[in-house]
Amino acid sequence: MKAVEIKNNIYWVGAIDWAVRDFHGYMTPHGTTYNNYLIMDDDITLLDTVKYDFADTTIKNIQSIVDPARISNVIINHIENDHATSLGDIMKLAPRANIYITEKGRKGLERFFDLSGWNIKTVKTGDTLRIGKRTLLFIETPMLHWPDSMMTYIKEEKILISQDAFGQHIASAVRFDDEFATCQSMAELEDAVIDYYANILMPFGQLIRTKISEVQKLGLDIDMIAPDHGIIWRNNPNKVLRMYLDMAGGKTHLGVSIIYDTMWRSTEKMTSPIMQGIKDEGVQCKVIKLRATPMSVAIKEFWNSRGCLIGTPTLNNIMYPTVAEFLTHLRGLRPKDRMAGAFGSYGWGGGAVKEAYEELKRIGLELYEPGLEILYRPSLQDESVCYNFGREFAKRVKTYHEKF
Ligand code: FEO
């Protein structure tokens, strides 16, 4: 796709990755984009690069506007591979450009490139760079989501170049929120924001609140948020800001996700009466089988619900491996403000439900106890026990939800 002018003389010069389905282990069924931006001003400035496979694409897009040799500044907001690994190719074409980056970014970048021939200038929050008619303001955002991360605000245009934050893994022929809402739907866009937040930014909720309030204290008007992935927010940037504040503040749906796996379908048979009990308590419920679902989708569904029930059969006295994998993944994301419990079938010794609770406790979730274990296969009477388990869990989730 050719370059797109996002505001007067400011261009998207990125690349669309229609085919990526495994983004460092995160399933991306809708592909993604690597967004970077070119400002045509007295000092021509490139904000971010793209993943190495797409260096030729961004270079072609830049060349459609200007000879890259005329680029004066390259801003590196984030050094992760999907944004910075084309820098070497860009610098071959723009060897005299200054690179603006945070100190932690510089330290990281030297693990990827020989910086000795490049003119690197480190910046911190509040530093500005006048490039002609426009002024760039740098805002460090360490751990959102890498130590090097920062955002760049274009003062005169009121555009926040937000790197990963506010992005989504969506490959689309359109670039803006209003266009996407027309050709696809706002619901799909919102879903992609939640998916991205849940899988990448979940651990950093408190930091997100602090950083957004810092930006608000700086009194920055924001007309447009241009992230490094997906759709650009030009029609309603406040929408995604609000979504982030809500998610970081613990808001989610009053619902329960049942996330399970099964060997001989006994644990699976338990999910149906549990779900019925939850529904009869007036709480929404989704049932997700781990072996049939990408991990990132299970994580999103967990995040989208106030309560989660983990279903695991016992295998060799411990949790079923896919369930253990899910919980390990979840522990790394440090979720908060969710209630959890566990259930499952066992053959002789049991042990999986106990182990699941140990892991849920380690994660720091609000526990619903005791869990439920069924010997071999749920009988009709067991199904009624399962129903009551689901119903009681949903009652507790409703009460817990009132806190938020
Ligand atoms: Fe899109 Fe943290 O890289």
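Are α7 and α8 parallel or oblique to each other? Keep that in mind as we walk through this structure, which is a predicted model. We will begin with the two helices in the question, then visit a second helix pair, two sheets, a salt bridge and a few unusual spots in the backbone.

Helix α7 covers residues 205–217 and helix α8 covers residues 237–248. Their axes come within 8 Å and cross at roughly 140 degrees. Angles over 145 degrees would count as roughly antiparallel, and those from 65 to 115 as roughly perpendicular. The crossing falls in neither range, and α7 and α8 are therefore oblique to each other. The crossing also has a hand: α7 passes α8 in a left-handed way. If you would like to find the place where they touch, look on α7 for Gly 205, Ile 208, Arg 209, Ile 212 and Gln 216. On α8, the partners are Leu 241, Tyr 244, Leu 245 and Ala 248. Sorted by class, the residues of this contact are six nonpolar, two polar and one charged.

Now turn to another pair of helices. Helix α9 (residues 266–280) packs against helix α13 (residues 380–401) at an angle of about 45 degrees, and their axes are 7 Å apart. That angle makes α9 oblique to α13. Here the crossing is right-handed. From α9, the contact takes in Lys 269, Met 270, Pro 273, Ile 274, Gln 276, Gly 277, Ile 278 and Asp 280. From α13 come Glu 383, Cys 386, Tyr 387, Phe 389, Gly 390, Arg 391 and Ala 394. By class, this contact has eight nonpolar, three polar and four charged residues.

Next come the sheets. One of them is an open sheet of seven strands, and you can follow it in the order β1-β2-β7-β8-β9-β10-β11. Its pairing is mixed. What stands at the edges of this sheet? The answer is β1 (4–7) and β11 (119–122), and each has a single partner strand, so one side of each is left without a neighbour in the sheet. On average, neighbouring strands in this sheet are turned by 25 degrees against each other, with direction ignored.

Let us look at the start of that order in detail. β1 and β2 run antiparallel and are joined by three bridges. One place to look is Lys 7, whose bridge partner in β2 is Ile 10. The two strands form a hairpin with two residues between them. In the turn, Asn 9 has a positive phi of about 65 degrees. On we go to the next pair: β2 (residues 10–12) and β7 (residues 37–39) are antiparallel too, and they pair over three bridges. There, Tyr 11 has Leu 38 of β7 as its bridge partner.

Another open sheet has five strands in the order β12-β13-β14-β15-β16, again with mixed pairing. Its edge strands are β12 (128–130) and β16, each pairing on one side only. Neighbouring strands in this sheet are turned by 20 degrees against each other on average, direction ignored. Within it, β14 (residues 150–154) and β15 (residues 159–161) run antiparallel and are joined by three bridges. Across this pairing, Thr 152 stands opposite Ile 161 in β15.

The loop between β14 and β15 holds Lys 158. This residue has a positive phi of about 60 degrees although it is not a glycine. Why is that worth a second look? Most residues other than glycine have a negative phi, and most peptide bonds are trans. With that in mind, try the peptide bond from Leu 144 to His 145, which is cis, with omega near 0 degrees. His 145 sits in the loop between β13 (135–140) and β14. Another cis peptide bond runs from Glu 369 to Pro 370, also with omega near 0 degrees. You will find Pro 370 in the loop between β23 (366–367) and β24 (372–375).

Finally, let us turn to charged side chains. How many salt bridges does the count come to? It comes to 23 salt bridges. In one salt bridge, the side chains of Arg 234 and Asp 178 meet at 2.8 Å, N to O. This pair links distant parts of the chain, 56 residues apart. Arg 234 is in the loop between β16 (224–226) and α8, while Asp 178 belongs to helix α5 (residues 177–183).

Methods
Residues numbered from 1 in each chain as written. Predicted model: local features only at pLDDT ≥ 70, side-chain atom pairs only at ≥ 80, totals over all residues. Heavy atoms only, no water. Pairing = 2+ DSSP bridges. Helix = DSSP H or I, 4+ residues; strand = E, 2+ residues; numbered from the N terminus. Axes fitted to C-alpha atoms, helices over the stretch in contact; angles between N-to-C directions. Parallel < 35°, antiparallel > 145°, perpendicular 65-115°, else oblique. Left-handed = near helix turned anticlockwise from the far one by under 90°. Contact = heavy atoms within 4.5 Å. Nonpolar A, V, L, I, M, F, W, Y, C, P; charged D, E, K, R; others polar. Salt bridge = Lys/Arg side-chain N within 4 Å of Asp/Glu carboxyl O.
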